[in-house]
Amino acid sequence: MKVLLSWLREFAPDIDGDPVDIGETLSALGLAVEEMTITGGGLDGIVLARVLDLSPHPDADKIQVVQVDAGDGEATQVCCGAFNMSVGDLIPFATIGTVMPNGMEIGQRKMRGVMSNGMCCAASEIGLGSDSDGIMILNGRASADQLGAPITEALGIESDVLWDLEVNANRPDAMSVAGVARDLAAGLGVPFAFPEFSVPESDTSRSVHDLTRIEILDPVLCGRFVGRVLEGINIGSSPAWMANRLTALGMRPINSVVDISNYVMLELGQPNHTYDLGKVPDGHLRIRRAHEGEKIVTLDEVERSLIASDGVIANGNDIAIGIAGVMGGASTEISDSTTDVLLEMAWWDPPSISRTVKRLNLPSEASGRFRRGADWGENIDRACDRFVQLAVANGVISAEGVVSGQLDIAGELPDRTPVRVRTRKVNGLLGTDLTASEMADHLTSIGFGAEMVDTDLDVTIPTWRWDTTTETDVAEEVARMHGYARIERTVPRGVQTGSLTGYQLDRRLVRETLVGAGCDETQPMPFLAPGDLSRAGLPEDGVTLTNPLVADESVLRTSLLPGQLKAIAYNESHRNPDVRFFEIDHVFLTPADGQLLPDEREHLAVALAGSDATAAVAVLELLSEVLALPNLQLRSATPPGLHPTRSAEVVVAGRVRGVVGEVAPDVAEAFGVSSRVGWIELDLGALLEGPHGNRKYRPVSKYPSSDVDLAFEVPETVPAAKVEGSIRRGGGKLLVDVRLFDVYRGEGMPDGVRSLTFRLRFQATDHTLTDAEVASARQACIDMVAKQQGVSLRA
């Protein structure tokens, strides 16, 4: 939608200021300025000329030689590629030395050997329209007496500001100069009012009711139809001021009647149509839906086939003479012989018009406004008055030609029951803190009605806002008028519909920790072949499926061990030894008495190929540290499938939660695994549902530490974890770390005894330890181990 500043001021005279600032205000109101142009400038050197002669170019078929009179009475030769001129036509002519609006300088040059001394101009080349198909013909808009005059003077063009606005589909009111002026006036805080469109007194001896009759057979299609009759019309050219405005807004002037129709539509947003009343039998119009397959020849001389959902205007003989809201019919078109006109101002159902336009691919300025939702209220009467006023003022009719009265037939119009608008709801949507009174001021400034109801509003939607029906729509209008730039930017907080449970977070932490420890997650199938459990040294008490997918996989696993050993064996067979795997998945134990389904539990398994029990314990300690497991202990035991002397039960807070150690050599061999395999299997569900996560933090000491190595001769029956526990109890607060770094069996060691070497780190948080303090702490650790485990230092 294009608008001129001078035209806007006819509705809001106090609009003033820098055009750039006004454009920014329009954009802030939701009418984004795509382009701003200063019209009437940059046309120096372009004059009014007359075509004297036209002749073919001797060496070019697509160029003709034109002789023009540029006001000096002499013939000036020009080469031109347009062929829409005739001898005697008045045209804009750019003389030599003229700098065109696009920056091109006109010079004397030869075109295929023929000298050209200027340029005949198209409307688009001089900013007086978008038509670039041919030379701009000015017959009727300029006088031959003004040959040689600057084009701005010949056409009465004055300097003005033209904005090209982007109007969204939900703003039907902004498809008119008046609608834009209403918004802009509210945004600038200046008064807005419609001018008085005075209509001359008509002869009451003749009434429109005597000359025409309107029937609305489909009230949904047509909500209102207003008709007036004008007699004795004279079709000619429009005055320069009207033609210039139409041209500026992108419409080509045609004749005085069509131009008034387009002018009223652009100014007030009300499309209209004129019928040659003499071609309408008895002046009778019937508004109905089309008959399936009904034919009509439209104004563009194209025969179109209609369907039952299309709307038509038919004459009294029920013959379609127009497609409702889209295009008139050729049978009632205004012509030079027309004397009496029936003027139509109507409101058409937007969805109906939209369907027809899309199906026929027949968009137009008028149908575009009907599809968005035109005004069905007093603006229709105002547009009728404006049409009549312009027709009289421009000499199209005399005052006596205005027939008294108008037909006003009603169909079904949109409901305009006030919408309850909750202040709190609007503020919640916008992120504002406006009062009901402030919202009411914003709404009334653009024509809405607003009545206070306690702290809320009952809002009456104006007839020119078909798109606005809900509380949310009203909130958008409040936001526009308040100014989006004034609303503080915030990130809306949505309702949190879901989150990870504590158990899921801990399970994710276990995964991340094991990946960080260099392990890869595997997911073997939970089904085992008969005999797999016994090969893994486990009781053959798995639940057997009655309908397995594969006959060789009919047993539900009771441990993750068989699946992990199969994965290790597969990797060994593919020359990928020493893998480090972990798995978090379910095992299925025998149902308890009275329980129908298996006892399903989530376990964690870690398999370290090429590593021993020590490596498995190190991973367990890492998990213990990450999960802050309380009082982790290893209790000597011989779990099924594990090495009898290199395995233990994992005890957390006094409860057995799993096993750790090394896979028994015969079990590994049974699965085709040649290396040692460190193994951890924990009941993860029980572990994470039990006490954990209560981490204790201590300050980092800035004082140096002292490391001490102690080697103990420990019977095979005493787990290394018990020795470590005794060392920790003996070292007290000064002992900050204990690590088993060597296990020795062999020469010099008695049978059934191994050497365990621990590295102890002592450190105080408030001072540097003396040698005596370190020696005392070392001895306390030795004594505690000897007392609790009955072992001594290795000699």
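Here is a walk through this predicted model, from its sheets to its rings, its cavity and a couple of unusual loop residues.

Let's start with a sheet near the beginning of the numbering. Five strands make up an open sheet in the order β5-β4-β3-β6-β9, and the pairing is antiparallel. At the edges you'll find β5 (75-80) and β9 (119-120), each with a single partner strand, so one side of each has no neighbour in the sheet. Further in, β3 (residues 46-57) and β4 (residues 60-69) run antiparallel to one another and share 7 bridges. If you want a spot to look at along that pairing, try Leu 54, which sits opposite Val 66 in β4.

Another open sheet also has 5 strands, but here the pairing is mixed, and the order reads β12-β15-β18-β19-β20. Its edge strands, β12 (213-216) and β20 (327-328), each pair on one side only. Inside this sheet, β15 (residues 284-289) and β18 (residues 311-315) are antiparallel and joined by 5 bridges. Arg 288 has Val 312 in β18 as its bridge partner.

Next comes β26 (residues 456-460), a strand that is mostly covered: 4 of its 5 residues are buried. What does β26 pair with? One partner is β24 (residues 419-421), antiparallel over 3 bridges. Another is β25 (residues 449-453), also antiparallel, with 5 bridges. Val 459 is a handy residue to centre on here: Val 419 has it as a bridge partner, and Ala 450 stands opposite it as well. The hairpin of β25 and β26 has 2 residues between the strands, and in it Asp 454 takes a positive phi near 60°.

That phi value is a good cue for the backbone elsewhere. As a rule, most residues other than glycine have a negative phi. Now look at the loop between α16 (561-573) and β30 (580-589), where Arg 575 is found. Arg 575 is not a glycine, yet its phi is positive, at about 60°. Is Arg 575 buried or exposed? Its relative accessibility is 81%, and the cut-off for exposed is over 50%, so Arg 575 counts as exposed. The loop between α16 and β30 also holds Asp 578. The phi of Asp 578 is positive too, near 55°.

On to the rings. The model has 8 aromatic pairs in total. One of them joins Phe 192 and Phe 194 edge-to-face, with 5.3 Å between the centres and 75° between the planes. Phe 192 has a relative accessible area of 26%, so it falls in the partly exposed class. Phe 194 comes out at 25%, so it is partly exposed as well. A second edge-to-face pair is formed by Phe 225 and Trp 348, at 6.5 Å centre to centre and 85° between the planes. This pair ties together distant parts of the chain: Phe 225 belongs to β13 (residues 222-231) and Trp 348 to β21 (residues 340-348), 123 residues apart. How accessible are these two rings' residues? Phe 225 has a relative accessible area of 0%, so it is buried. Trp 348 is at 0% too, so it also counts as buried. Elsewhere, Trp 7, Trp 241 and Tyr 263 come together in one aromatic cluster.

Back at Phe 194, there is a charged side chain to notice as well. Arg 382 lies over the face of that ring, 3.6 Å from its centre. A similar arrangement turns up with Arg 535 over the face of Phe 671, at 4.2 Å from the ring centre.

Finally, the empty space. Rolling a probe the size of a water molecule over the atoms shows where such space is left. Searching the whole structure turns up 1 cavity of 30 Å³ or more, and the volume of the largest cavity is about 40 Å³. Which residues line it? The lining consists of Leu 230, Ile 233, Val 257, Ile 260, Val 341, Phe 387, Ala 391 and Val 396. Two helices, α7 (256-268) and α10 (378-393), each give at least two residues to that lining. By class, the lining has 8 nonpolar residues, with no polar and no charged ones.

Methods:
Residues are numbered from 1 along each chain as its sequence is written. This is a predicted model: local features need pLDDT of at least 70, side-chain atom pairs count only at pLDDT 80 or more; totals for chains, interfaces and linings use all residues. Side-chain values use heavy atoms; hydrogens and water are left out. On a 1 Å grid over the protein atoms alone, a cavity is a set of points where a 1.4 Å probe fits but cannot get out, and a pocket is an open set with protein on both sides within 12 Å along at least five of seven lines; lining residues have an atom within 4 Å of a point. Grid points are joined across faces, edges and corners, and a volume is the space filled by probe spheres set on the points. Ala, Val, Leu, Ile, Met, Phe, Trp, Tyr, Cys and Pro count as nonpolar, Asp, Glu, Lys and Arg as charged, and the others, Gly among them, as polar. Two strands pair if DSSP finds at least two bridges between them. Rings of Phe, Tyr and Trp (its six-membered ring) pair if their centres lie within 6.5 Å; planes under 30 degrees apart count as stacked, over 60 as edge-to-face and the rest as tilted. Buried means under 20% relative accessible area, exposed over 50%, partly exposed in between (1.4 Å probe, protein chains only). A charge sits over a ring if NZ of Lys or CZ of Arg is within 6 Å of the ring centre and within 35 degrees of the ring normal.
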